[in-house]
Amino acid sequence: MAPRANWKGFLRLSLVTCPVALYPATSDAEKVSLNQLNRNTGHRIKYLKVDADTGEEVTNEDIVKGYKVDTDTYVEVEKEELENIALDSTRTIEIDEFVPKDDIDQRYAIRPYYLVPDGKVGHDAYAVIRETIRSMDMVAIGRLVLTSREHIIALEPLKNGLMGTLLRYPYEVRSEEDYFDDIQDVKVTKDMLDLAQHIVQQKTADFDPSKFDDRYESALIELINQKRAGTTVKAHGKARPGTNVVDLMTALKQSLKGSSSAPSPAKPKRVAKRAAGQKEMLLPISGKKPAAANKKATARPASKRKAG
C-alpha cells in the first residue's frame with residue numbers, strides 16, 4: 001500500500017504554480033521492533049500518565065502543557081492558546097531563493113522527502129520548476145507549515161521528480177568551536193600523509209548502499225528465528241579492542257601492508273525482492289524452511305502463559 005502524504009498543497013515559483021504532495025523518503029517500518037512484556041504473564045506493558053507527586057492516574061482532559069521556569073514552577077499553556085499562535089498554513093511552498101548546493105552545511109539537513117505532482121493537472125508547471133532548478137545547478141529554498149510549525153525546505157531535482165530536505169534553524173545547530181578548540185595543532189609530515197593517502201587509494205570505491213549490512217538487525221532476526229525454532233541461541237563473538245601501536249609511522253606501514261594483502265570484498269549477492277513490510281523471519285519464503293523447522297518450538301503464546 002502506498003504511503004500517505006504528509007502534506008498536500010501547492011509549489012510556486014513566482015507566477016508558476018502546481019498542486020503537489022509531500023511523502024517521506026525514508027522509513028523505519030521494516031526494522032525489527034520489540035515490545036516490553038511482563039516476564040511472569042507474557043502480557044504487554046502499558047504506560048499510564050500519573051501525577052509525579054501523588055502517583056494517581058491523570059485523564060487526558062486534565063493534562064495541560066507547561067514550560068519549566070524553576071524547580072517545581074511551570075508556566076501552564078492551554079491548547080487553545082497554542083492554537084492561537086499557530087501559523088496559518090497557506091498550503092503553499094513558496095520558493096524564496098536559489099542557493100548553490102555546496103553552500104548548505106550538512107548539519108542543517110533533517111530528513112528527506114519526495115515532492116510529486118498531486119493529481120493529473122499541474123505536471124507541466126511541475127516540470128518547468130524542476131528543470132529550471134536543474135538547469136541552474138542550484139537548490140531552491142522555500143517554506144512550508146507542518147503541524148503548526150514553519151519549516152525551511154531545500155528542493156533539488158532527483159531523476160524526474162523533486163527531493164525536498166527539511167532544514168534546521170541556526171539555533172538548532174551547535175557550534176563546532178565548543179568541541180574543537182581543545183584539539184591540538186599537530187604537524188603531519190609528508191611521509192605520513194603519503195602513506196595515509198596510499199591507504200585511502202586502496203580503499204577507494206563507488207558509493208553503494210546495498211553493501212551496507214545492518215549487523216545488529218541481522219543478529220536480532222537470527223536470535224528471534226532461533227528462539228521460534230526452539231534451537232540453541234548462539235552467542236556472537238565480541239569485537240576485540242584495537243592494538244595499541246605507539247609509533248604512528250609503524251601503524252601506517254602496517255595498515256598499508258594489510259590493505260594490499262587483503263582480498264577484495266565479495267560482490268554482494270542479489271536478494272529476491274519482498275513485499276513492502278515483509279520480514280523473512282516472520283513470513284517464511286515458500287519452498288524454504290528454517291534449519292530446525294522439524295523441531296517443536298518451545299516459545300508459547302503470551303496469552304497461554306500463567307503467572308509465576
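Reader: What is going on with phi at Gly230, just after α5?
Author: Gly230 takes a positive phi there, of about 75 degrees. Bear in mind that this is a predicted model, where local features need pLDDT of at least 70 and side-chain atom pairs count only at pLDDT 80 or more, while totals for chains, interfaces and linings use all residues. Residues are numbered from 1 along each chain as its sequence is written, and side-chain values use heavy atoms, with hydrogens and water left out.

Reader: How do you know that the span of helix α5 agrees with its 15 residues?
Author: A helix here is a DSSP run of H or I, at least four residues, and a strand a run of E, at least two, each numbered from the N terminus. The expected span is 1.5 Å times one less than the number of residues. For α5 (residues 215-229) that gives 21 Å, and the end C-alpha atoms are 21 Å apart, so the two agree.

Reader: Why is Thr92 called buried?
Author: Buried means under 20% relative accessible area, exposed over 50%, and partly exposed in between (1.4 Å probe, protein chains only). Thr92 comes in at 14%, so it counts as buried. Thr92 sits in strand β5 and touches Trp7, Phe10, Arg12 and Arg143, leaving aside residues up to four places away in sequence. Touching means contact, that is, heavy atoms within 4.5 Å.

Reader: What puts the buried residues on the same side of α2?
Author: The buried ones are Ala125, Tyr126, Ile129, Arg130 and Ile133. They cover an arc of only 135 degrees around the axis, which puts them on the same side of α2. That arc is taken over the directions from the helix axis to the C-beta atoms. On the other side of α2, Asp124 and Ser135 are exposed.

Reader: What makes something a nonpolar core?
Author: It's a set of buried Ala, Val, Leu, Ile, Met, Phe, Trp, Tyr and Cys residues joined through side-chain atoms within 4.5 Å. The largest has 21 residues, with Leu11, Ile93, Leu115 and Leu144 making the most contacts inside it. Of the elements, α2 gives the most to this core, four residues. A second, separate core of six residues includes Val99, Val139, Ile141 and Leu167.

Reader: Which element has the lowest mean pLDDT, and which the highest?
Author: pLDDT is the predictor's confidence in each residue, from 0 to 100. Helix α6 (residues 248-261) has the lowest mean, 74, and β9 the highest, 98. Over residues 283-308 pLDDT stays under 50. Where pLDDT is low, the predicted coordinates should not be read in detail.
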